[in-house]
Amino acid sequence: MFSLNNVLYCQAGLGALANIFLLFFYTIIILCNRSKPMDLISCQLSFVHTMMFLTGGDIWLTDLFESLNIENDFKCKATFYINRVMRGLSICITCLLSVFQAVTISPSTSLLAKFKHKLKKYVIYSFFYFWSFNLSFSSNRIFYVGAYTNVSETNQMKVTKYCSLFPMNYIIRGLILTMTTSRDVFLVGVMLTTSAYMVIILCRHQRQCKHLHSNSHLRSSPEKRATQTILLLVVFFVVMYWVDFIISSTSVLLWVYDPVILTFQKFVMNAYPTITPLLQISSDNRIIITLKNMQKIYHQIFKKG
């Protein structure tokens, strides 16, 4: 168990640092008025994933609250609520990322082409809707989570070091599960549909390029590279999200959480926000160039020293 917790802390540290780096990078680009709609989406996703790590269980933000002598009940409600909102935003923004890229690479003759010139406006509207929806959707969780009291008669389900879920009747439990499942099934369905559409577009483009004997252009296409990255993210997200969903749903329905299973679930839950920034960093030429320039400056300073 100790080694599993160490892996969890290393994963959280790597994921948080990578997302903070991306957050600063895209914020600077946006402030310099050189941003694309994709940069706005990536910036939001980096912020959401950073907050997921900061509010995830027994890591960092809970320790900060403890050092400020904030009572456990408020600490649990605040961190649990923020984490649930961020998890909801993660699936929404990943879905938006997939839809955005499908519209971007769609041919001029398709129905999606008419949305291209207004993408930035639609992205901003989507952010407003996603935040409003998830802030209200997750508000019910505040009433069913609180400080762990170590009293067996209350039938609490301990989910972190200090926090536990309080018992709820089967109707409320079933209603929350149904609403969450409906949201997730719809968004994952949209992701898979747009992903299938992008695969069809890429295959068609590849056949055309082969016919025109211009494979070198295809390999170097930024759109193709971005699309492949998003497809990887969507596939990885869908697998990790549903593994996490199956574990959490089963645990809530059976009202039992094994500590080892809980730790494994946290690892699965943090896998996507850890992998996402690493894939984005490796596929964005602007970031690669910036890192190379930073490396050159570091070597020059090191040599002078």
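**View 1. Gln 280 and its surroundings in helix H9.** In this predicted model, Gln 280 is buried, with a relative accessible area of 7%, and its place is in helix H9. Once residues up to four places away in sequence are set aside, Gln 280 touches Leu 22, Ser 42, Ser 46 and Ile 287. Because its relative accessible area of 7% falls under the 20% limit, Gln 280 is classed as buried rather than partly exposed.

**View 2. Ser 42 in helix H2.** Ser 42 lies in helix H2, which spans residues 37-54, and at 3% relative accessibility Ser 42 counts as buried. Leaving aside neighbours within four places in sequence, the contacts of Ser 42 are with Tyr 26 and Gln 280, the latter being a residue of helix H9. Leu 22 stands 20 residues from Ser 42 along the chain, and the C-alpha atoms of the two residues are separated by 8.1 Å. Leu 22 also appears among the residues that Gln 280 touches.

**View 3. The nonpolar cores.** The largest nonpolar core holds 39 residues, of which Ile 41, Met 86, Leu 89, Ile 91, Ile 93, Leu 97 and Val 123 touch the most other members. At least two residues of this core are supplied by each of H2, H4, helix H5 (119-137), helix H6 (170-211) and H8, and the largest share, 14 residues, comes from H4. Leu 89, not counting residues up to four places away in sequence, touches Val 48, Phe 130, Trp 131 and Asn 134. A second, separate core of eight residues includes Phe 25, Tyr 26, Cys 43 and Ile 281; Tyr 26 is also one of the residues in contact with Ser 42.

**View 4. Helix H4 along its length.** Helix H4 comprises 34 residues and reaches 49 Å from its first C-alpha to its last, which is close to the 50 Å expected at 1.5 Å a residue. This helix is mostly covered, since 26 of its 34 residues are buried. H4 also gives 14 residues to the largest nonpolar core, the largest share of that core.

**View 5. The salt bridge between helices H8 and H4.** Four salt bridges are found in a search of the whole structure, and one of them pairs Asp 244 with Arg 87, whose closest N and O atoms are 2.1 Å apart. This pair links distant parts of the chain, with Asp 244 in helix H8 (residues 222-254) and Arg 87 in helix H4 (residues 72-105), 157 residues apart. Both partners are covered: Asp 244 counts as buried at 3% relative accessibility, and Arg 87 is buried with a relative accessible area of 10%. Side chains of opposite charge can pair when their charged atoms come close.

**View 6. Arg 183 with Asp 184, and the network around Asp 284.** Arg 183 forms a salt bridge with Asp 184, the closest N and O atoms being 2.9 Å apart, and both of these residues are buried. In another salt bridge, the side chains of Asp 284 and Arg 286 meet at 3.0 Å, N to O. Salt bridges that share partners join Asp 39, Asp 284 and Arg 286 into one network. Within this network Asp 284 counts as buried at 12% relative accessibility, whereas Arg 286 is partly exposed, with a relative accessible area of 27%.

**View 7. A nonpolar patch on the surface.** Val 7, Val 235, Val 239, Val 243, Phe 264 and Phe 267 make a nonpolar surface patch of about 490 Å². The elements that give two or more residues to this patch are H8 and helix H9 (259-283), and the largest share, three residues, comes from H8. Phe 264 has its place in helix H9 and, at 44% relative accessibility, counts as partly exposed.

**View 8. The whole chain, for orientation.** The secondary structure of the protein chain comes to 10 helices and three strands, which follow the pattern α-α-α-α-α-β-β-β-α-α-α-α-α along the sequence. Of the 305 residues of the chain, 46% count as buried. Among contacts in the chain with a separation of 6 or more, 75% are accounted for by residues 24 or more positions apart. The accessible surface comes to about 16800 Å², of which 69% belongs to carbon and sulfur atoms.

Key: Residues numbered from 1 in each chain as written. Predicted model: local features only at pLDDT ≥ 70, side-chain atom pairs only at ≥ 80, totals over all residues. Heavy atoms only, no water. Helix = DSSP H or I, 4+ residues; strand = E, 2+ residues; numbered from the N terminus. Buried < 20%, exposed > 50% of the residue type's maximum accessible area, 1.4 Å probe, protein only. Patch = residues over 30% accessible without salt bridge, like charges linked within 9 Å, V, L, I, M, F, W, Y side chains within 5 Å. Areas by Shrake-Rupley, 256 points an atom, 1.4 Å probe, with all protein chains shown as cover. Contact = heavy atoms within 4.5 Å. Core = buried A, V, L, I, M, F, W, Y, C linked by side-chain atoms within 4.5 Å. Expected span 1.5 Å × (residues − 1).
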